[in-house]
Amino acid sequence: MFKKFLFIIALLFAGASFAAVDVNKASAAELDGIKGIGPAMSEKILNERKNSEFKDWNDFIGRVGGVGEKTAAKFSAEGLTVNGKRFSAAAQAKADKKKKEAEAKASKTAAKGEDKPASKKKDKAAEPAAAAAPQANASDAKK
């Protein structure tokens, strides 16, 4: 009986040690409890959180200096969450891929606009004016 009681207590402590700490709700002490986050890092996090809450892991990584994908993965493994979500390298890679595709598409459309020679643009603009000029001359000749 006593062994079962100790086993249950051990399980409860194990469960408590893996409890998630949300970065948008945690105090400095709770953040310090995450392995890898010390007083300096928790101060950075709290200062950025004062500006606005973190939307997702990308926002967290972008706003907190010294935190990259590897560090975010370590923090997440230790129990840190952003809006209740753990860091996922696959989700991060997917977000980065979408961002790169959007940037590539934007640069291609910008490059297409630059490839057209300026003289053709001017010629097209001048054509309606040139076409209108002979008609005006013809009407003047009839008078």
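How many helices and strands are there in the protein?

**Figure 1. Overview of the predicted model and its elements.** The model shown here is predicted, and the protein holds 7 helices and 2 strands, which follow one another along the sequence in the pattern α-β-α-α-α-α-β-α-α. Of its 143 residues, 19% count as buried, and the protein exposes about 10,700 Å², of which carbon and sulfur atoms supply 60%. Among the contacts in the protein with a separation of 6 or more, 50% are accounted for by residues 24 or more positions apart.

**Figure 2. Confidence of the prediction across the elements.** The average pLDDT of the protein is 77, and 65% of the residues score at least 70. Among the elements, helix α3 has the highest mean pLDDT, at 94, whereas helix α7 (residues 118–142) has the lowest, at 51. Where pLDDT is low, the predicted coordinates should not be read in detail, and the close-up views that follow are best studied with this caution in mind.

**Figure 3. Helix α3 and its buried face.** The 13 residues of α3 should span 18 Å at 1.5 Å a residue, and the C-alpha atoms at its ends are 19 Å apart, which agrees. The buried residues of this helix are Met41, Ser42 and Ile45; seen down the axis of α3, they fall within an arc of 95°, so they line one face of the helix. An α-helix has 3.6 residues a turn, so residues three or four places apart point the same way. On the face of α3 that is turned away from the buried side lie the exposed residues Pro39, Ala40, Glu43, Lys50 and Asn51. The cover over the buried residues of α3 includes α2 (28–32), α4 and α5 (69–77).

**Figure 4. Two buried residues of α3, Ser42 and Ile45, with their contacts.** Which residues does Ser42 touch, not counting residues up to four places away in sequence? Ser42, found in helix α3 (residues 39–51), counts as buried at 3% relative accessibility, and with that exclusion it touches Ala28, Leu31, Asp32 and Ile37. Ile45 lies in helix α3 as well and counts as buried at 0% relative accessibility. Leaving aside neighbours within four places in sequence, Ile45 is in contact with Val23, Leu31, Ile37, Phe54, Phe60 and Val64. With Val23, which is 22 residues apart from Ile45 in sequence, the C-alpha to C-alpha distance is 7.9 Å.

**Figure 5. Leu80 in strand β2 and the residues around it.** Is Leu80, placed in strand β2, buried or exposed? At 0% relative accessibility, Leu80 counts as buried. Apart from neighbours within four places in sequence, Leu80 is in contact with Val21, Val23, Leu31, Ile34, Ile37, Trp57, Phe60, Phe75 and Arg86. One of these residues, Ile34, is 46 residues apart from Leu80 along the chain, and the C-alpha atoms of the two are separated by 7.1 Å.

**Figure 6. A cluster of aromatic rings formed by Phe54, Trp57, Phe60 and Phe87.** The structure holds 3 aromatic pairs. In one of them, the rings of Phe54 and Phe60 have their centres 5.1 Å apart and their planes at 75°, so the pair is edge-to-face; Phe54 counts as buried at 1% relative accessibility, and Phe60 counts as buried at 0%. The rings of Trp57 and Phe87 have their centres 5.5 Å apart and their planes at 75°, so this pair is edge-to-face. The pair of Trp57 and Phe87 links distant parts of the chain, 30 residues apart, with Trp57 in helix α4 (residues 57–63) and Phe87 in the loop between β2 and α6. Both Trp57 and Phe87 are buried, and ring pairs link these two residues with Phe54 and Phe60 into a cluster.

**Figure 7. Asn83 and its positive phi.** Most residues other than glycine have a negative phi. Asn83 is not a glycine, yet its phi is positive, at about 55°. Asn83 lies in the loop between β2 (80–81) and α6 (89–115) and is partly exposed, with a relative accessible area of 39%.

Methods. Residues are numbered from 1 along each chain as its sequence is written. This is a predicted model: local features need pLDDT of at least 70, side-chain atom pairs count only at pLDDT 80 or more; totals for chains, interfaces and linings use all residues. Side-chain values use heavy atoms; hydrogens and water are left out. Helices (H or I, at least four residues) and strands (E, at least two) are DSSP runs, numbered from the N terminus. Buried means under 20% relative accessible area, exposed over 50%, partly exposed in between (1.4 Å probe, protein chains only). Contact means heavy atoms within 4.5 Å. Accessible areas come from the Shrake-Rupley method with a 1.4 Å probe; for residues, only the protein chains shown count as cover. Rings of Phe, Tyr and Trp (its six-membered ring) pair if their centres lie within 6.5 Å; planes under 30 degrees apart count as stacked, over 60 as edge-to-face and the rest as tilted. The expected span of a helix is 1.5 Å times one less than its number of residues. The arc is that of the directions from the helix axis to the C-beta atoms. pLDDT is the predictor's confidence in each residue, from 0 to 100.
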